[in-house]
Amino acid sequence: MQKVSKAYKESMKSSLRERAYIMVSFGLINQEAQSKAKIEDGDFSFYSNADNIFGETTNNAVYATLEENFTKVDGSMLFLPRSGSYINTGLISEKLLTQAVFELTINLNIEATDFKGITIDFGENYPVDFDIISDSGQKIEFRDNDKSVFSTEEVLENTTQIRIIFYKMKNPQSRVRIYSIRFGYGLVYYNSDVMSSSLESYISPIGADVPQIDFTIQLKNYDHYFNVDNPESAINFLETGQEMEIYYGYQLPETNEIEWIRGNRLLCSEWESDDYTATIRCQDIFRNMDSEYYKGTYNNAGVSYYRLAEDVLKDAGLSDYYIDPQLKKLYTQNPIPRVKHKEALQIIANACRCVLSQTRYGTIQIKSSFVPEAFASTETEADYSHIENIMNSSAKDEYASLAVNYTTVDGSLFFLPRELGNKILNTGYISEEISNDQCVFENNPIITIKQEVACMYYGVKFNFGQQLPAAFTISTYNNGELVTEYEVNDSEIERVTVINKEFYDFDTMKIEFTKTLYPYNRIVLNNFSFGDITNFTMSRNDMTSSPKAIKQELIKEVIVPCYSYQKGTEEESLVSEEVNVTSGDSITFYFGEASYDIRVTLDESTNGVTIQEYGNYYAKVVFSVTGAYRLEILGYRYKIVERYAIKILNNRGKTIRWENPLMSNIEMATDLAEWLGDYYASGIEYEYETRGNPELDTNDIIYQENDFYKDMKVTVCRHTLNFNQSFSGKITTRRMLGG
């Protein structure tokens, strides 16, 4: 669930909604040129550092120098060090532009290509007059530029090298600075250009499938801008894998303010156009992870699932990801089988009771789907308080008190016994401290939550007593280091308060209450929890169709095999084939089953061939001879012994055999069987159409209005958000056990 304002929540629930908005942006970036381009030698300053000028991100820190209207004294600039290395300052000319014309040469290091536009970040002191010249002889003159981030839609044709010649700066007595260069042009479209769009997300709460996100957008094409036959058409410069940013907006009532919510960052996959419309389709990052991972290796001492996930992601060429720290404490001996990279991540996530997903920023995420052991404590509390009880979900009893506006006479409160003893009912946390006439404390009440391992959460939930705090601060720590500090004010606080915010990996959380709503009050907290929690209720008013309930087949039991690898007794031929090779050649051969103690021969001799690299499923061999030979790779195959963890759900029904090849620990197999059992126990899914909610995510836990169950909890499995100048949607949810 994405964080949204209180005004947004209330307006989205009203019978008449305000206007909806959409914004999509994508850069027509020539990805090959972007990755291979190099700056040729030139007259650059000694502290110029252009290492990251073509990269994804730039460091815009600037060294203060004596140039016209350049140096600031607001702390935003750095002093040049006397010696040593310099940070990524970007590219800086050696001389002032009034002393000499500055020329920059960029080699694309690719075959001659066309690309549409170029985008250059010059910073606050930008060049006014300059030329771009390609090696094909094309010259484009730019005069009176007034933008620090310059961009043009001009098409550079048949280009392998470009030169940029600078003549005049905004502040004449200054150097040319370039912080980033993009070979392409960014396009942004709003409501007036968008005819319709659909964003469909799917996730399996138990990792039964790889998650999927599909986005389709139809843009107006009345000016033929997207026609393939138009030489200036943007569609000719679209490439598979280019990123598209999607945002949804909603106009807040009685204001001109639009509240924007990030939709997602997806990759373009295909596109088409006619004289009236252009259709672009985008998809998630997993769809491009179809290459095979074959480097799995048996490890008798065990290897953490965290390291396995890192190995798979790095082998797939990805560096932007999040792996739950809990995986550092979970181990397996078994090798990852030969599967696609995305499937390898799927089985790692499933084995650890995690959910594999893509965040709205396009980041791959493996996050636990269970909450680790956590304990609450406080230094002081009232005599009738039980701080440890706030971590369970049971309803709490409350005692009447003489606090301002606290006691009600509806029978919901109890009188304190004259002697407490063992007569105290099931209470939560009640602070010993009482606020003064200004609603503040002399010593702020503090609750400390410690969990067994560090985790990240997207939300925290408070269930307060009869009266509320007016302000409190949430601070999180990891190994004693402050991670996040978030101040909560009265506009966010309700009887049931849910804070939708990312709390990055922490092992300790401190909640410090600083103010009460009314004077002379204690803090009363009945329940506390964290996780993917929301206070969102999908009510009948939010639905535009009657929910269709689907009762799935009854499950008798869930069986999770645990696999032990044992060494074979006989050497076998793993690969046998004729090869025609040249000295220096290297070839990789793949095995169908996990094997070990591998050796290779040519015509039954070990001469002329060596194993350069190997694993349980492959061997890369290098030849030192030339000719035709019979190659044979010999080795032993592992024998696999199975044990079973069984979770019985019913006396009859279907048996689910859940096979995860990484499962080598019977305790983990038992935990997995319990986790799967909770999922299958409910066996009821709901499908219905909605008014559309951009803030909802798949795998959110929400409440769903039901005629027979109050506050029924469900998990969002599939969510479709349509835009046609207004929002609409479709949703599939699954009832949670005990919900």
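1. Glu 674 and its salt bridge. In this predicted model, Glu 674 is partly exposed, with a relative accessible area of 36%. Its partner is Lys 647, and the closest N and O atoms of this salt bridge are 3.2 Å apart. The pair links distant parts of the chain: Glu 674 sits in helix 5 (residues 666–682) and Lys 647 in strand 43 (residues 639–648), 27 residues apart. Lys 647 is partly exposed too, at 22% relative accessibility.

2. A salt-bridge network. Asp 131, Lys 139, Glu 141 and Arg 143 are joined into one network by salt bridges that share partners. The count for the structure comes to 33 salt bridges.

3. Arg 262 with Glu 245. These two form a salt bridge, with the closest N and O atoms 2.6 Å apart. Arg 262 belongs to strand 18 (residues 258–273) and Glu 245 to strand 17, so the bridge links distant parts of the chain, 17 residues apart. Are the two ends buried or exposed? Arg 262 is buried, with a relative accessible area of 12%. Glu 245 also counts as buried, at 14%.

4. Arg 630 with Glu 578. Here the side chains meet in a salt bridge of 3.3 Å, N to O. The link runs between strand 42 (residues 627–637), which holds Arg 630, and strand 37 (residues 572–581), which holds Glu 578; the two residues are 52 apart in sequence. Arg 630 is partly exposed, with a relative accessible area of 34%. Glu 578 counts as exposed, at 54%.

5. Arg 177. This residue lies in strand 12 (residues 177–178). At 3% relative accessibility, Arg 177 counts as buried, because the cut-off is under 20%. Its side chain makes a polar contact of 2.9 Å with that of Glu 67. Beyond four places in sequence, Arg 177 touches ten listed residues, among them Tyr 47, Tyr 63, Phe 70, Asp 121 and Phe 122.

6. Cysteines. How many disulfides does the structure hold? The answer is 0. Cys 282 has its closest cysteine sulfur in Cys 268, at 3.8 Å, which is too far for a bond because the cut-off is 2.5 Å. Cys 562 is in no disulfide either; the nearest cysteine sulfur, that of Cys 352, is 14 Å away. Cys 282 is buried, with a relative accessible area of 2%. Cys 562 counts as buried at 0%.

7. Aromatic pairs. The whole structure has 34 of them. Tyr 189 and Phe 226 form a tilted pair, 6.0 Å centre to centre, with 50° between the planes. Tyr 189 is in strand 14 (residues 186–189), while Phe 226 is in the loop between strand 16 (212–220) and strand 17 (243–251), so the pair ties together parts 37 residues apart in sequence. Both Tyr 189 and Phe 226 are buried.

8. A stacked pair and its cluster. Tyr 457 and Phe 530 are stacked, 4.4 Å centre to centre and 5° between the planes. Tyr 457 comes from strand 29 (residues 446–464) and Phe 530 from strand 33 (residues 524–530), so this pair ties together parts 73 residues apart in sequence. Both Tyr 457 and Phe 530 are buried. Ring pairs link Tyr 457 and Phe 530 into a cluster that includes Phe 462, Phe 464, Phe 472 and Phe 506.

9. Charges over rings. Arg 734 lies over the face of Tyr 679, at 3.9 Å from the ring centre. Lys 510 lies over the face of Tyr 477, at 5.9 Å.

Note on methods
Residues numbered from 1 in each chain as written. Predicted model: local features only at pLDDT ≥ 70, side-chain atom pairs only at ≥ 80, totals over all residues. Heavy atoms only, no water. Helix = DSSP H or I, 4+ residues; strand = E, 2+ residues; numbered from the N terminus. Buried < 20%, exposed > 50% of the residue type's maximum accessible area, 1.4 Å probe, protein only. Polar contact = N/O pair within 3.5 Å; in protein donor to acceptor, adjacent residues only side chain to side chain. Contact = heavy atoms within 4.5 Å. Phe/Tyr/Trp six-rings, centres within 6.5 Å; stacked < 30°, edge-to-face > 60°. Lys NZ or Arg CZ within 6 Å of the ring centre and 35° of its normal. Salt bridge = Lys/Arg side-chain N within 4 Å of Asp/Glu carboxyl O.
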